[in-house]
Amino acid sequence: MARLPTDVETEIDRFCNNIKQNTYTRSVDIALATIYILKKLIGESKWSNASELITLIRSQAHRLNQGQPVDSITFNITRRILKLIREVSVRIIHGKNEGSDISLTLQAVLNDRTATSTINDEDHTEENLQPKKQQTQNNITETNSINNIEGGVSVLRLKPELMDDLNWYSSEIELSVKNLSQQALAHIHANELILTLGYSYTVEQFFKYAASKKRQFHVFILEHAPFFTGHKMAINLSQLNIPVTVVTDSAVFAIMARVNKIVIGTRSLLANGGLTAKSGTYNLALAAKHYNVPLLVCAPTYKFSPTYLPSFDPVMCNSFPSPENILSYESIFQSSLDIVVPMHDYVPPELVTLIIGSGMGNAPSYVYRIVSELYSAEDNDLERLQKESLK
Amino acid sequence: MVKPTNINSDYREEERLTCVLVLDTFNNYTNEIVSHTSLPLCLWPVDGRPLLDYTIHTLIRSGIQEIILLATSYSYEIRSYIMNSHWLQTYPKLIRFIPCKEARSLGDCLKDLEQENIINNHFILLYGNGTLITNEKLNNLFNIHKENIKKDKNCIMTLVYRQLDSNHFEHPSYTDDQHLCIIRDANTYRLYDYSTEYLDRYEISLDLLEKPNVTIETLYCPLDCHVAVCSPDVLHLFKDNFDYSTINEFVKGIVRDEEIAGHTIYSYLYETGYFLSVHNLRLYMKATFDILRRWSYPLVPEIIASMHKQQLSTITNPTLPQIKLNDSYLSFYNICYPIIYDKHNIYKQGDIQLDRLSNIQQDVFIGYKSQILSGVCLRSSLIGQSCIIGKNTKIENSIIWNHVQIGENCIIKNSIICDNVVIRNNVQIDKECILCKNVIIGTNVHLNQHMTIIASNSITSTNVVDEIEIDEDISAPLKNVKRSNSKQRSSSTMSSEKSVSEKSISLSIEETITSNSDLVGIDGFGRQLSFISTHDDQTKPIEHTDDDDDDINDNDKSQLNAFDAWGYRIEPIENRDLSHDDEDNEIKPKQYRLSNLKKPSDQPSDIQSEDENSEIDDSEDPSSETGSINETNDVSEFQQEVIRTLERAYRQKLHMENIIVELNMLKPTYDVSPTEFDRSIVRAVFLLPFEKKISNSETTNYWNSLKLTMDQITQFILKNYMKITNEQSQISLLNGLDSICLKHIQPIGERIVNILNYLYENDVIDEQWILQWYENKQKKIENNELIIKPEEKIYYDKLKQFVEWLQNAESEDDDQDDED
């Protein structure tokens, strides 16, 4: 069976520690680091065929995501790479003359459909009988069953093609923010008043592009207390000669009537089109709904997640940093004082107007479609696997 | 594009960032308690992980590439923890472990480190147990230190503090042992003076204020992070000056010798961030609760726990078989269960049994496989693994380690309960108790504040004697037991496991003797651990029976720490006179404990009690006892001030000129007449040996300590003020000495021969004045102007003896002269 070499193990541990200790400032960095780790894993560990590789990656997926209970970026990347492996194996089996990418993905979708039904049934037997099965699989002629297809694809043919695809994928992610920001001119019109919340690298690039094309607009920035990332955003934008006004979070309803459009970033985009975003976004979205101001969400492809909100308990999908930003340590010598600092908010899809992905804008109701194209359905259970491993 | 590899690689080209942790508090009281828990303080559990883990996480976050651990006692436990932890696998070559078993102080540890010869660059030194919890990144300290060096080549150390916004007494993580007064330049942050003494007033030398381009700034009680960025030279200095045993002494020494050696020290003040250097039990509890309240984010339990991958200790180094011995203590750290965070800061580690009717309020950590029964009320507490908490028990602000059983209807507040303790029903435990390993508390027992209950016989520290309310006859065999244990310990420190098992056997035999049923109840087991200071002469012979993991005779008797394990200042107990009186002896410690509890710990309103304490301090001063009543307040105050000055001068070995300048400055401040001044000086010189800090050291004999002080400073003072040619001052000196001797016949009066002889030989007093003075005195006695009381007779006899000798010597001299 496939096994991890020790240096990949340590690499994974370090990656987890880095994420937990917030060494990566941008989500792109996390995405790129995940690809790097998975590339290393594929390149250096021992596996003989595609299905072994898939089980190996799936077994490591929850470890990669340990650092970030809220974010799903590493999961998304893992899923996407699993999907790539499946695609590549299909391509190898059916020959390169199969046709364009579109037909391939369509076929993959079809395969997914059949696979979900078969895999769920075989789940238990598969693990126990894996070695035997593979031997028999090699003898069986290539049929429609996806397991057989993957089992038949050997390292020698899969690895080079897969590495090409991974390189292409990582460059796609590197460019995703740029591609996204290039749509700015379509959304930001002259002399508009645009509201945003806190600092987001993607949103900053979005405004930057619009400003570089000489579009005149005014930005209101909610300061995002108590982290005050909005201040950083304001400084960065004002250096580009964009007129900026910083507004306190509590004034969001009061200023909403003046605002033409809202552009925000998000931590992750759920399959139903809902968001987990910075705390205060829900307020913002509700106010926007009240005044019918369009709410645009910038979400690069790697933030699309095929999962739904695990629960409506705000604690479960949140993180709680130090209360230092709110009251100084010295002032609290009474234990009766309790401070709660949630970092994230859930915004339901009905409050979101448009999601700006790397390619084009989509309605939140369309997210499920994109998600099903990006990932194969059998990998949607990664989160469930993680929870099981916790127990 | 960011490099997805380790961020540490950024620094690799320049130099390795090194951090040195000294994992010992060097506090006898703390170490004594620690020795009964079988875990060193740095491995005490804080929310499921050892304290040390939080520090290592901090350092890794700061991009430190090499962590050097210096461990004294317990080096095996610490080593076995490090070997089995995931650190070595995730970050090979990160942690280096150096055992310093012989080290008795920070200075010794650093000397050992110097010998290893591995430090070539600047390094961060974490002292004071080496366990710092912070959410700041420390790597910028290197840059600050380097910039200080760029400005001033002589800079060898940068001390790090955290500024406090409020009164330090109100600060939750202030304990008495962090008292500090710094005088520094407000622009360059260079340190000019440094004092950790607990004084009413601090003196700034005038030269400092006259220096050009220096703006003096005083920092009173900043929060000491116990962090110092050091140049490699610091190690050499520690090696060359073996009297530097702590950082305080080092800093004082460097600042004092600044003109000779030319080294300087700078300081750096953090203005934000959470800092807590855990070096006593109060701070240990503080750290636990602060982490539960997420002040240390991102170092919070659920994140830390998820960082340690679920692993069994499969990889153990086969070359080190001893390491496995200690596994039983540490095994619970090896398996890491995921922690679920719930609202109101409640942390649940893996599988726990929580009754539906239990009331878990907030800031609670519940360990793996613990059972909480119905009606239990928990608040701000840590419950370890596999604990059982009985019905209707109430636990507040307490730390409970692993495998603890607590009965029904108990109330536990502000206490630490270690492994395997059993608490039966209806027990009440008050503030700041520690129940060490294996203690059993019987039903209906009420433990008062500040108790330390132990169940093991091992006495490991030099200055510890158990206080058991039994006859001397029974305690005698006990001492033997201690000795045998000590031998066993010293012979087999390697296999502490073994000694523990033997100990437990001996425990069962000794149970009737060691267990104090008055304290822990009939069905309980354990006795109180108490400390008697070395002032007490009676305890001395016993003290040397044993010592801390070190079988060498401890001749340089470790100085008693001024602070107890909870970080409270220990008031000097005036038990010199009471030592013969057992009743008083028992009452006295209680009094001081009570006064301790009034200290500013939780309630800010208690600052006043601080003043009270200092008043008590003053009244205990021996000088004020002797000060005559008819003297004005000013004079007696002045005299105390003189004594204090001399004492400080003696201990810090100040220069003669400086002392005299200081004394001269006191004269106008207190507005005393010249005769009063002279009298006070004389009195101060002879009363100086009574001062605690001087009599503490080695000699308790009055004459010996007087001689020491005389040799060093006071004879010069006398010479300076009582010129040998000046009749008036010589006579007043003799009169002063006379009155002191009469007041203190016991230690001083009977030594008059030695004193006068000393003064005579050192040319402080000329013989002609002695003779003249004695004649006058005799005349007075003859005229019945002076009545000799019976107890004073010995003094006059001695005096007469000396004068006769003096006359004889003189006449011999004369004879010789004649012959010539």
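How many cavities of 30 Å³ or more does the count come to? In this predicted model, the count comes to 15 cavities of that size. The legends below treat one of these cavities, then chain B as a whole, and then selected local features.

**Figure 1. The second largest cavity and its lining.** The volume of this cavity is about 100 Å³. Its lining is made up of 14 residues, and those closest to the cavity centre are B:Leu23, B:Asp24, B:Asn31, B:Pro40 and B:Leu41. Helix H2 of chain B, which covers residues 28–35, supplies the largest share of the lining, with three residues. Sorted by class, seven lining residues of the second largest cavity are nonpolar, six are polar and one is charged.

**Figure 2. Overview of chain B as context for the close-up views.** The secondary structure of chain B comprises 30 helices and 35 strands. Chain B has 820 residues, of which 57% count as buried. Among contacts in chain B with a separation of 6 or more, 63% are made by residues 24 or more positions apart. The exposed area of chain B is about 35200 Å², and 47% of this area is supplied by carbon and sulfur atoms.

**Figure 3. Helix H12 of chain B, residues 281–292.** Helix H12 of chain B has 12 residues and should therefore span 16 Å at 1.5 Å a residue; the C-alpha atoms at its ends are 17 Å apart, in agreement with that expectation. The helix is mostly covered, since 11 of its 12 residues are buried. The buried residues at the start of H12(B) include B:Leu281, B:Arg282, B:Leu283, B:Tyr284 and B:Met285. Also buried in H12(B) are B:Ala287, B:Thr288, B:Phe289, B:Asp290, B:Ile291 and B:Leu292. Charged side chains can thus be found in the buried set, with B:Arg282 and B:Asp290 among them.

**Figure 4. Surroundings of A:Leu237 in helix H10 of chain A.** A:Leu237 belongs to helix H10, which covers residues 229–238 of chain A. Because its relative accessibility is 0%, A:Leu237 counts as buried. Leaving aside residues up to four places away in sequence, A:Leu237 touches A:Glu204, A:Phe207, A:Val219, A:Ile221, A:Ile242 and A:Val244. One of these partners, A:Glu204, is 33 residues from A:Leu237 along the chain, yet the two C-alpha atoms are separated by 7.3 Å.

**Figure 5. Two cis peptide bonds that lead into proline, one in chain A and one in chain B.** In chain A, the bond from A:Ala225 to A:Pro226 is cis, with omega near -5°. A:Pro226 is located in the loop that joins strand E2 (217–222) to H10, the helix that also contains A:Leu237. In chain B, the bond from B:Tyr297 to B:Pro298 is cis, with omega near 10°. B:Pro298 is located in the loop between H12 and helix H13 (301–307) of chain B.

**Figure 6. Positive phi angles at B:Lys369 and B:Asn397.** B:Lys369, although not a glycine, has a positive phi of about 60°. This lysine, B:Lys369, occupies the loop between strand E19 (364–366) and strand E20 (371–372) of chain B. B:Asn397 is likewise a residue other than glycine with a positive phi, here near 45°. The loop that holds B:Asn397 runs between strand E24 (394–396) and strand E25 (399–400) of chain B. B:Asn397 is buried because its relative accessible area is 18%, a value under the 20% cut-off.

How values were computed
Residues are numbered from 1 along each chain as its sequence is written. Chains are lettered from A and ligands numbered from 1 in the order in which they are written. This is a predicted model: local features need pLDDT of at least 70, side-chain atom pairs count only at pLDDT 80 or more; totals for chains, interfaces and linings use all residues. Side-chain values use heavy atoms; hydrogens and water are left out. On a 1 Å grid over the protein atoms alone, a cavity is a set of points where a 1.4 Å probe fits but cannot get out, and a pocket is an open set with protein on both sides within 12 Å along at least five of seven lines; lining residues have an atom within 4 Å of a point. Grid points are joined across faces, edges and corners, and a volume is the space filled by probe spheres set on the points. Helices (H or I, at least four residues) and strands (E, at least two) are DSSP runs, numbered from the N terminus. Buried means under 20% relative accessible area, exposed over 50%, partly exposed in between (1.4 Å probe, protein chains only). Contact means heavy atoms within 4.5 Å. Accessible areas come from the Shrake-Rupley method with a 1.4 Å probe; for residues, only the protein chains shown count as cover. The expected span of a helix is 1.5 Å times one less than its number of residues.
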